[in-house]
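Hello,

Here is the structure I promised to pass on to you. Please open it first, and then read my notes below.

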Amino acid sequence: MTTPWEHPADVARVAQSAEVRGIESIWVGEHSHLPVATEHAFSADTPEFYRRLPDPYVTLAAVATVTTTIRIGTAISLPAEHDPLPLAKTLATLDLLSGGRFEWGTGYGWNRLELVNRGVDPRHRMSRYAEVVRAVRDLWTCEIASAKGDHVRFSESWSWPKPVQQPHPPILLGCRAAPRAFGQLAAFCDGWMPSLTQAGEGLEADVAELRNAWDAAGRVGAPRITLIDSGFWADIDMDKFYRRITRLSELVPRLADLGAERLIVGMPMFRLDDVEQKLDVIAGLVPRS
């Protein structure tokens, strides 16, 4: 998972280098802007990189044009801040351009003032999220779709192109373990993508709760699980980076036993001079057959 460099094209360069090393996927986050009065929900100080986030979908389209196998995704995007009609078309186009490599990691949004500035009442962010995601999914999978919700309303409409992946690109929800969130996840998403910080020591119990919600919703199979290590919010030297990756490697067997299919590793990107070394260290986590 990248934090921004000086130019969005740098993310495409990293993706090419990661693909060569057999790294499975590359991920970018989303914030349309950073309100000056922001108080971060998880950190005493708001990291400066939030001021510089490029558009995730344009960035991933650039990545798709210079790669062939690496999967591309958002970690995480904020559907509640969007109109589902253009959003569904953008994401389907991205999946088409990438040859079916897109994964839609989503969340509710933690920055209350950002939500307000985008016309979203933070008190209703979860219900708006649900209506937007359901509408996007319907626009992807139905020849004709419509919506008559409290937050999203549009008449019967055609929306093309359709995604390459069937029935649609994976929809992952980044959230804390909670009954309402897991209920939404089980109802219309495909998997869970919490940060390791959100998951905490109770990860096994949380996964059991998620599977109970999944079964109660009548879903077949099992929910997909992706964990995010989002601890890199500043530039760090190679020694510190290596120590952190070593600690992460010790978690991999535990995560695999829980059925997790992926660990997204945070990648500091304020310098270009040591990125190849850092990618080599990350590639060392990739299981080899």
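To begin with a small puzzle: which residue in E9 does Thr226 stand opposite? Thr226 faces Arg262 there. Please keep in mind that this is a predicted model.

That pairing belongs to a set of strands worth finding on your screen. E8 and E9 run parallel to each other, joined over 4 bridges. E8 also pairs with strand E7 (residues 191-192), again in the parallel sense, over 2 bridges. In that second pairing, Trp192 is opposite Ile225 of E8. Strand E8 itself, covering residues 224-229, is mostly covered, with 5 of its 6 residues buried.

Trp192 also turns up among the aromatic rings. The whole structure holds 7 aromatic pairs. Phe49 and Tyr50 make a stacked pair, because their ring centres are 4.6 Å apart and their planes meet at 20 degrees. Both Phe49 and Tyr50 are buried. Phe182 and Trp192, by contrast, are edge-to-face, with 5.1 Å from centre to centre and 90 degrees between the planes. This pair links distant parts of the chain, as Phe182 sits in helix H6 (residues 179-188) and Trp192 in strand E7, 10 residues apart. Phe182 and Trp192 are both buried too. There is also a cluster, in which ring pairs link Phe49, Tyr50 and Trp110.

Next, the second largest pocket. It encloses about 550 Å³ of space. Its lining has 25 residues, and those nearest the centre are Arg262, Leu263, Ile264, Val265 and Val286. So where does the lining come from? At least two residues each are supplied by helix H1 (9-20), strand E1 (25-28), helix H9 (238-257), strand E9 (262-265) and helix H10 (275-283). E9 gives the most, with 4 residues. By type, the lining residues divide into 20 nonpolar, 2 polar and 3 charged. Arg262 therefore comes up twice in this email: opposite Thr226 in the strand pairing, and among the residues nearest the centre of the pocket.Last, the cysteines. How many disulfides does the count come to? The count is 0. The sulfur of Cys175 has its closest cysteine sulfur in Cys189, and at 8.3 Å that is too far for a bond, because a disulfide needs the two sulfur atoms within 2.5 Å. Cys175 counts as buried, at 4% relative accessibility, and Cys189 counts as buried at 0%.

Enjoy exploring it, and best wishes.

Key: Residues numbered from 1 in each chain as written. Predicted model: local features only at pLDDT ≥ 70, side-chain atom pairs only at ≥ 80, totals over all residues. Heavy atoms only, no water. 1 Å grid on protein atoms, 1.4 Å probe; cavity = no way out; pocket = protein on both sides within 12 Å on 5 of 7 lines; lining within 4 Å. Points joined across faces, edges and corners; volume = space filled by probe spheres on them. Nonpolar A, V, L, I, M, F, W, Y, C, P; charged D, E, K, R; others polar. Buried < 20%, exposed > 50% of the residue type's maximum accessible area, 1.4 Å probe, protein only. Pairing = 2+ DSSP bridges. Phe/Tyr/Trp six-rings, centres within 6.5 Å; stacked < 30°, edge-to-face > 60°.
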